[in-house]
Amino acid sequence: MNTITASNLAEMTISMLERTAMVLAEPVTEELDRTEPMRSARIRYRGPSEGVLFLSATDQFLRELAASLLGVETADVNVDTQGSDALREMANIVGGSVILAMSGDVCEYSLGLPELVAADQVPASAAAECTVAADGGVLRALWVQSSAAQAA
Amino acid sequence: MNCNVLIVDDSPILRMAIRKVVRLSGIEDDRIHEAGNGREALDVLETVWIDLVLLDLNMPVMDGEQFAGELRKNPDLNDVAVVVVSTEGNRDRLQRMRDLGVVEVLRKPFEPEDLHRLIPKILGVKK
């Protein structure tokens, strides 16, 4: 099993945003303002090991992301519904990239369904984490490897 | 293009994004149908002739694999072209989908152009 580093998590996240939504994001290296409200989603995976990928994003980021996916103006985006849906789907897509990166040639991992979670369910730190920014908004990804044991 | 396309995905925003690309491929908007899971997709297929299904795999209620299984059991529907559009990377599951007759797998993340190229290819092959 390959491990996930902050660097390749950032690469996968940036690639996902560019390929799926044509959102051009850049890695953020400075410390985040942790007081800024964010919406969060997670997706679990299982296979030779188990874990969770979390994505958290500011409303500004989600507005830009949803607007780009839909081809509409940011002012026309409902961030509660469309922004949250975009966040869930992005968790799904980055999760898919993570399990492929972990697998090498043969993928034996499976993903669960992405779901929205409250901020207090997102860990403060993780085995790998990255933050990217685009259009004044911020997206944070955390990879949590919860078990090295063989999954049932 | 006089073809009907069914987009099956539990994410409304992704269905809308895919619909946009399908339209750009020359399919008229009223020929593009949507379903949020496999069960809803089977309901659509009972009422509309569909030429191409763009199918997500991980969905609540009825997932893409169950849907493809139901489709193949139905002699009226088992020649409908199905393309998987999913994050799925599990080798065994993708092989099961091919065994169920899936003609192509488009892995997310994909560029709109990837889907734009695929649609006429699949519909052309089908003709």
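In this predicted model, strand β1 of chain A (residues 26-27) runs antiparallel to β6(A), and two bridges hold the pair together. Within that pairing, A:Pro27 sits across from A:Val132 of β6(A). The partner strand, β6(A), spans residues 128-134 and is mostly covered, with five of its seven residues counted as buried.

Chain B offers a parallel counterpart to look at. Here β1(B), residues 5-8, and β2(B), residues 32-35, line up in the parallel sense through four bridges. B:Leu6 is the residue that faces B:His33 of β2(B). To get from β1(B) to β2(B), the chain passes through helix α1(B), residues 12-24, and the resulting β-α-β crossover is right-handed.

Zooming out, chain B holds five helices and five strands. Going along the sequence, these elements follow the order β-α-β-α-β-α-β-α-β-α. As for overall dimensions, the C-alpha atoms of chain B fit a box of roughly 30 × 30 × 30 Å along the principal axes. The radius of gyration of chain B is 13 Å, which agrees with the value near 14 Å that a compact globule of 127 residues would have. Buried residues account for 43% of the 127 residues in chain B. Contacts in chain B also reach a long way along the sequence: of those with a separation of 6 or more, 61% link residues that are 24 or more positions apart.

Then there is the place where the two chains meet. Chain A puts 27 residues into the contact, and chain B puts in 17 residues. On the chain A side, the elements that supply two or more residues are α1 (6-21), α2 (59-70), α3 (79-103) and β4 (110-111). Of these, α3(A) makes the largest contribution, at 12 residues. By residue type, the side of chain A that touches chain B breaks down into 13 nonpolar, nine polar and five charged residues.

How much confidence does the predictor attach to the complex, in terms of ipTM and pTM? The complex gets an ipTM of 0.84 and a pTM of 0.89. For chain B taken alone, the mean pLDDT is 92, and 98% of the residues come in at 70 or more. A general caution still goes with any model of this kind: where pLDDT is low, the predicted coordinates should not be read in detail.

Definitions and conventions
Residues numbered from 1 in each chain as written. Chains lettered and ligands numbered in written order. Predicted model: local features only at pLDDT ≥ 70, side-chain atom pairs only at ≥ 80, totals over all residues. Contact = placed C-beta atoms within 7 Å. Nonpolar A, V, L, I, M, F, W, Y, C, P; charged D, E, K, R; others polar. Buried ≥ 20, exposed ≤ 12 C-beta atoms within 10 Å, placed from the backbone. Pairing = 2+ DSSP bridges. Right-handed = clockwise from strand over helix to strand, strands pointing away. pLDDT = per-residue confidence, 0-100. Rg over C-alpha atoms; globule rule 2.2 N^0.38 Å.
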